[in-house]
Amino acid sequence: MSKAIPHGDIGRPASVVTEGSRVRWLLIGTAIAFLALFLVLPLVTVFVQAFAKGWEAYLAAFTEQDAHAAIRLTLIVAAIAVPFNVVFGIMASWAIAKFEFAGKNLLVTLIDLPFSVSPVVSGLIYVLVFGAQGLIGPWLIEHDIQIIFAVPGIVLATIFVTFPFVARQLIPLMQEQGTAEEEAALTLGASGWHAFRTVTLPNIRWGLLYSVLLCNARAMGEFGAVSVVSGHIRGLTNTLPLHVEILYNEYNFVASFAVASLLAGLALVTLAVKSGLEWRYSADIAAGARGH
Amino acid sequence: MSDDTFSQTGTSPKAGFARRTPGSARPKSVAALCLIGCLAAMPMATTALAQTELLNVSYDPTRELYKDINAAFVADWKAKTGETVVVRAAHGGSGSQARTVIDGIPADVVTLGIPSDIDAIARLSKKIAPDWRTKLPNQGLPYTSTVVFLVRKGNPKGVKDWGDLVKPDIKVITPNPKTSAGGRWNFLAAWGYAYEKEGKDADKANAFVGQVYKNVPVLDTGARGSTVTFAQRGLGDVLPTWENEAYLVFDEFGRDKFDVVVPPTSIYAEPPVALVDANVDKKGTRKQAEAYLQFLYSDAAQAIFAKHHYRPLKREAARPEDLAQLPDLKLFKIEDLQGNWDDIQKKNFDNGGLFDQLSKAGR
């Protein structure tokens, strides 16, 4: 994030800081101590605990069948939820940024909804709609369709929770870019689809990649909503975060932290790639980030 | 979910990249990746499973128990019929597990912590016959248990009996009786103790239980959560818990950190099992699911119960050294003090029941 800030502030005088150096160091020191205590230390603990009994115990956590199933399910869920949200996010932000229509603000608000709803509620609404006692539960049972406590329910909950990531990133980016380039393409005889593919998409590619990254990290890491709809059936409906909890509750602390380290590793890779993207394409991305 | 469908998701995006000429617009491959990933993943969600699978929805502390039982049943069934079954398990607070069955988890059998949770499934979802108690021997109880105390090594607070739980300097760790069967047994055990002691005065027993819960700093949703709170996070002085759970802590954390205190009297805890009729008929697994429940009454399963510190129905099937670990104490049945299970549940744990009244008064 820090890399993106200088770009937005270009043109500002070099130093407007009036505080003395002692105050400055005190502030910086406090911030660093805070981060170390609440972010770095827990993260390090995860890895320390994971390797508490050596490499072999660490690797043993991943040879278990239930762990394989959890990894597989997490990948499947992300493989469905992320593309869905990419397609939806591009469509929504295209519509919102390039066109004027009634109810536009309402649509933007609705897209933001999952950010403000507690994940537990996100899970419960699906139980209330698709559960056996739910709104369309009896119909589903009649037609032998299992949604809650099965993969479709987990995918739905994940899609709901990760809904805003792509759209929220692309809407401000597209708004900033305006419609001039597309209009030029259309004037030159390109079809709408052609203009979208050759003009709009290349313009938003870095912002898109950036949002896909964040969306994916959340999709793989979601706990609350998924926990409500999963039913916790071992080897069938447990995702990685749920598997971590189960192992912890079975006093299998090394395995629990080993699997947690996988998720922490995913977070670190996401962070690294994200910072890399911000560093190289800060102009594109900052336009999106400023819209928040 | 076979491995080859899985590898599809893994390789096809790469193929999508390879087809692009270098330097051409990247977003195209991103879109292709998404589309292919979507298509490849779709069939996986709907893949029907060919082999027979049983799902046992169970309560919190039975994780280790049913790992052993399930392996033994799978081997036994294979030897008897040649058929390979897979038994899956889901664990959580007994009350929340009942809720997932009501909400539609396709459980073939339920093995819960307290009879009223199975009654709730029967009443609210009609998936279990209301007379489930009569379908299996001993009211559907292949084993029973009781509540004992786990304390810190050397018992520094000198906890000996239920009466000690209301001392002002004692912190008691127990799960929430609303969601956990173990929590309800603890609640009822404390109530029964006071009821007998106070000359069968229900009001005094209610007040005693209220005092106990004033000493409870954390209410976890399941028995296992409370155990982790007590043993791993080091909170509290005493953990009234399932006998089996207390001994499991011994095995997992070592006997040098904790002591088990067996009170002179405790409750006869009844964790029953039942077939989920509607689900097995729909899935066509009645034969295997019934065999699974019958297997719980076999000598092999009874020995496994005793090994995991549950009290087996057939003591003669268990190893003597396992039985020696189950101490003799005076056990009372809550039905003898409070009547049938509908009443027990309603009076104590339903909305507005004794537990709610006590928590309100305690605030």
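A salt bridge is a side-chain nitrogen of Lys or Arg within 4 Å of a carboxyl oxygen of Asp or Glu. A:D112 and A:R168 form such a pair, their closest N and O atoms being 3.2 Å apart. The structure is a predicted model, and over all chains the rule yields 32 salt bridges. The points below address these ion pairs, the interface of chain B and chain A, and two open sheets of chain B.

**Salt bridge within chain A**

- The pair formed by A:D112 and A:R168, with 3.2 Å between the closest N and O atoms, connects distant parts of the chain, the two residues being 56 residues apart.
- A:D112 belongs to helix α5 (residues 104–116) of chain A, whereas A:R168 belongs to helix α9 (residues 164–177) of chain A.

**Interface of chain B and chain A**

- Chain B and chain A bury about 3400 Å² between them, and 67% of this area lies on carbon and sulfur atoms.
- Chain B contributes 43 residues to the contact and chain A contributes 33 residues.
- The rule finds 3 salt bridges across the interface of chain B and chain A.
- A salt bridge also joins A:E250 to B:R63, with the closest N and O atoms 3.4 Å apart.
- Between chain B and chain A, 9 residue pairs are in polar contact, counting pairs with both residues at pLDDT 80 or more.
- Helix α2 (residues 26–46) of chain B gives the most to the side of chain B that touches chain A, supplying 9 residues.
- That side of chain B comprises 21 nonpolar, 8 polar and 14 charged residues.

**Four-stranded sheet of chain B**

- In chain B, 4 strands form an open sheet with mixed pairing, in the order β2-β1-β3-β9.
- The edge positions are held by β2 (85–92) and β9 (273–275) of chain B; each has a single partner strand, so one side of each has no neighbour in the sheet.
- Neighbouring strands of this sheet are turned by 20° against each other on average, direction ignored.
- Strand β3 (residues 109–111) of chain B runs antiparallel to β9(B), and 3 bridges join the two.
- B:V109 is placed opposite B:L275, which lies in β9(B).
- Helix α4 (residues 94–102) of chain B lies across β1 (52–59), β2 and β3 of chain B, at about 140° to β1(B).
- Helix α12 (residues 286–295) of chain B also packs on the sheet, where it touches β1, β2, β3 and β9 of chain B, and its direction makes about 165° with that of β9(B).

**Three-stranded sheet of chain B**

- A further open sheet of 3 strands in chain B follows the order β6-β5-β7, and its pairing is antiparallel.
- Here β6 (238–242) and β7 (258–261) of chain B stand at the edges; because each has a single partner strand, one side of each is left without a neighbour in the sheet.
- The average turn between neighbouring strands of this sheet is 30°, direction ignored.
- Strand β5 (residues 147–152) of chain B is joined to β7(B) by 4 bridges, the two strands running antiparallel.
- B:V151 stands opposite B:D259, a residue of β7(B).
- Helix α7 (residues 181–197) of chain B lies across β5 and β6 of chain B and runs at about 110° to β6(B).
- Helix α9 (residues 223–232) of chain B packs on the sheet and touches β5, β6 and β7 of chain B, with its direction at about 150° to that of β6(B).

Technical notes
Residues numbered from 1 in each chain as written. Chains lettered and ligands numbered in written order. Predicted model: local features only at pLDDT ≥ 70, side-chain atom pairs only at ≥ 80, totals over all residues. Heavy atoms only, no water. Pairing = 2+ DSSP bridges. Axes fitted to C-alpha atoms, helices over the stretch in contact; angles between N-to-C directions. Contact = heavy atoms within 4.5 Å. Buried area = accessible area lost by both parts, 1.4 Å probe. Polar contact = N/O pair within 3.5 Å; in protein donor to acceptor, adjacent residues only side chain to side chain. Nonpolar A, V, L, I, M, F, W, Y, C, P; charged D, E, K, R; others polar.
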